[in-house]
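Hi,

Here is the structure I promised to send over. Have a look at it first, and then read my notes underneath.

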Amino acid sequence: MPATTRSAWCDVPRLQVKQFAALAMDEAPRLAQDILDEVRREFPGLPIVLDAAGEPLALIGIRRAIEGFVRRLTDVAATAPRPEDQLPSVFQEFGRDQNLHGRSLDSLQAMYRLGVKLAWRRLADIGQRLRIPPPAMYELAEAGYDYLDGLVDQSVRGYAEAAARQAGERLRQQRTLMDLLLEGRATAPPDPVKVLTERAARIGWPVPERVSVGLLIRPARDAVAPAVGPDVLLDMDTERPRLVVPDPDAAGRPELLRRALTGWSGAIGPPVPLPDAAKSLRWAEVAVALMERELLPAAEVLHCTEHTQALVLLQPEELVADLARRALAPLDHCGPTHGRRLAETLLAWLETRGGAPEVAARLGVHPQTVRYRLRQIRELWGDEVDDPDRRFELELVLRARRLRGDLGTARPGSR
């Protein structure tokens, strides 16, 4: 009862209160055993855990709960809200046990309610024999269910603590597995798949044949982890969260991933065999670096397999730049504007493998303009433009320049 409410037990003679408490205390061991027997009949699969002396922990907890409740009757002031530490701690252990065995708290609460019902019948019988006034007994019934709420709270706390420990341990094991995958340490002989399988079994992760690895850019420092699903490994403890996507080509996987990553940006590497996950991560890192340089779209999580050309041509920057310097040297003596137009015409010609009309249609200019430029190109490069290897080099470096924005997109009507 609230401290400001007068307890009905204040009107019960002190001697009667002590007699009621004494009889209830004497009854506590037998009542506890009866409650446990009834619970085991209703829940036959209930495991019985013994303490060091061989006594069931459940029996100890029930008896302590009864004694703790009855003890409050020895002082009418005890009807005020009790300190939390007066509750039997064994009920917190019951909650932990429920979680560790994969059971919900519903069955545990049903057991508690059954115990309270049996306890109330026994206490009501004692109250009737001692002629305890009905208002006091009504108050006792209410207090009993309040006491039950406290025991349930204890169990919920234990359940939550066990769940938190399990989640923390799973995250630790998951991080170890991801480190093995993404740092390439799992590729060591003799059997990398066996090593990964053993680690994956510790967190219940089905081992896929192929994976893709993603690297995410946080939309905000305190961004909530994306709901990617339990089969996707996610590490949020790094500056840039990483995720390992199993069976990335499975039906429905791309769409589910797209929805889960709405609002995030980053890149997902190409599908690779499981032991090669580090290679997929490297391509995702390359893609994110290009996104930061605004060379790839940065508003969403992109898939590297949809931007293969950009990744291949833009990633080895120094090598492509050196090749461009040598391959496009004939343009050095042309003005910037004219040199860019010649480069665009050369690329259109290499891509179409057609004549002036086809190139003109691609560039959106007059065929006569294209013929003039093609004559200049042949004067600048000579027979080299007929050599397959040189043509390949020229197309490669010109495509790279277009990807960087140095050349315009070939499109009809652009001029």
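**Strand β4 and its neighbours**

Let's begin with strand β4, residues 265-268: S265 and A267 point one way, G266 and I268 point the other way, and all of them are buried. Bear in mind as you read that this is a predicted model.

So who sits next to β4? On the antiparallel side there is strand β1 (residues 210-217), which pairs with β4 over four bridges. If you want a spot to zoom in on, G214 stands opposite I268 of β4. There is a parallel pairing as well, with strand β6 (residues 301-303), and that one runs over three bridges. Here A267 has L302 in β6 as its bridge partner.

**Helix α13**

The other element I looked at is helix α13, residues 367-381. Its 15 residues reach 21 Å from first C-alpha to last, close to the 21 Å expected at 1.5 Å a residue.

Which residues of α13 are buried? They are V370, R373, L374, Q376, I377 and W381. These residues lie on the same side of α13, because they cover an arc of only 160 degrees around the axis.

And what covers them? The cover for the buried residues of α13 includes four other helices: α10 (317-327), α11 (336-352), α12 (356-363) and α14 (388-403).

One last detail: just after α13 comes G382, with a positive phi of about 65 degrees.

Cheers

Terms used: Residues numbered from 1 in each chain as written. Predicted model: local features only at pLDDT ≥ 70, side-chain atom pairs only at ≥ 80, totals over all residues. Heavy atoms only, no water. Buried < 20%, exposed > 50% of the residue type's maximum accessible area, 1.4 Å probe, protein only. Helix = DSSP H or I, 4+ residues; strand = E, 2+ residues; numbered from the N terminus. Pairing = 2+ DSSP bridges. Expected span 1.5 Å × (residues − 1). Arc of directions from axis to C-beta. Contact = heavy atoms within 4.5 Å.
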